[in-house]
Amino acid sequence: MVSDYPAQDLRRKVYAWALKLKVNPKDIRIQRLEGKWGSCSSDCVVTFATDLLDQDEDFQDFVVVHELIHLKVQNHSKLFTSLLATHIPNYKIFEGK
C-alpha cells in the first residue's frame, strides 16, 4: 500500500532505526540532494534525498542505517562496514545504486 505521507513515514523509519542503533540525530531533513541519497553532517544532522521517498523499503533502510551509523563512525572504515553488515546483512546489493 502506498502511503499518503511518505515523508512522515521516512521520518518514523529514521527515528526507529536511531533507537535501535542508539544514536541521536540533531535534526532529520528531507530535501532535494544532487547525486546522493543521504548525508550526515559533523553537527549530527542527517539529510535524505526526496528521491529516496520513491525507493523500496529495503533500500530506504540501507540508506537510513548507512547515514545513522555515520553518527558513530564518520568514515567508511572496517568498523563502519561491520556495523552496516550487522544491521543490513545484504548491504552490498545496494551499494552503487
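# Notebook: helices and two odd loop residues

**Entry 1. α2 against α3.** I started with a helix pair. Helix α2 (residues 57–69) packs on helix α3 (residues 78–87) at an angle of about 145°, and their axes are 10 Å apart. I note here that I am working with a predicted model. I then looked up the handedness, and α2 passes α3 in a right-handed crossing.

Which residues of α2 and α3 meet? From α2 I listed Phe-62, Val-65, His-66 and Ile-69. From α3 I listed Phe-80, Leu-83, Leu-84 and His-87. I sorted the residues of this contact by type: six are nonpolar, two are polar and none is charged.

**Entry 2. The length of α1.** Next I checked helix α1, residues 6–21. It has 16 residues, so at 1.5 Å a residue it should span 22 Å. I looked up its end C-alpha atoms, and they are 22 Å apart, which agrees.

**Entry 3. The two sides of α1.** Which residues of α1 are buried? I found Leu-10, Lys-13, Val-14, Trp-17, Ala-18 and Leu-21. These buried residues cover an arc of only 135° around the axis, so they sit on the same side of α1. I turned to the other side of α1 and found Arg-12 and Leu-19 exposed there.

What do the buried residues of α1 pack against? I noted four partners: β1 (27–31), β3 (45–49), α2 and α3. The helices α2 and α3 are the pair from my opening entry, with axes 10 Å apart.

**Entry 4. Lys-22.** I moved on to the phi angles. Most residues other than glycine have a negative phi. Lys-22, just after α1, takes a positive phi of about 60°. I placed Lys-22 in the loop between α1 and β1. Is Lys-22 buried or exposed? Its relative accessible area is 73%, and the cut-off for exposed is over 50%. Lys-22 is therefore exposed.

**Entry 5. Cys-44.** I looked up another positive phi. Cys-44 has one of about 70°, although it is not a glycine. Where does Cys-44 lie? I found Cys-44 in the loop between β2 (38–40) and β3. I checked its accessibility too. At 30% relative accessibility, Cys-44 counts as partly exposed, because buried needs under 20% and exposed over 50%.

Notes. Residues numbered from 1 in each chain as written. Predicted model: local features only at pLDDT ≥ 70, side-chain atom pairs only at ≥ 80, totals over all residues. Heavy atoms only, no water. Axes fitted to C-alpha atoms, helices over the stretch in contact; angles between N-to-C directions. Left-handed = near helix turned anticlockwise from the far one by under 90°. Contact = heavy atoms within 4.5 Å. Nonpolar A, V, L, I, M, F, W, Y, C, P; charged D, E, K, R; others polar. Expected span 1.5 Å × (residues − 1). Buried < 20%, exposed > 50% of the residue type's maximum accessible area, 1.4 Å probe, protein only. Arc of directions from axis to C-beta.
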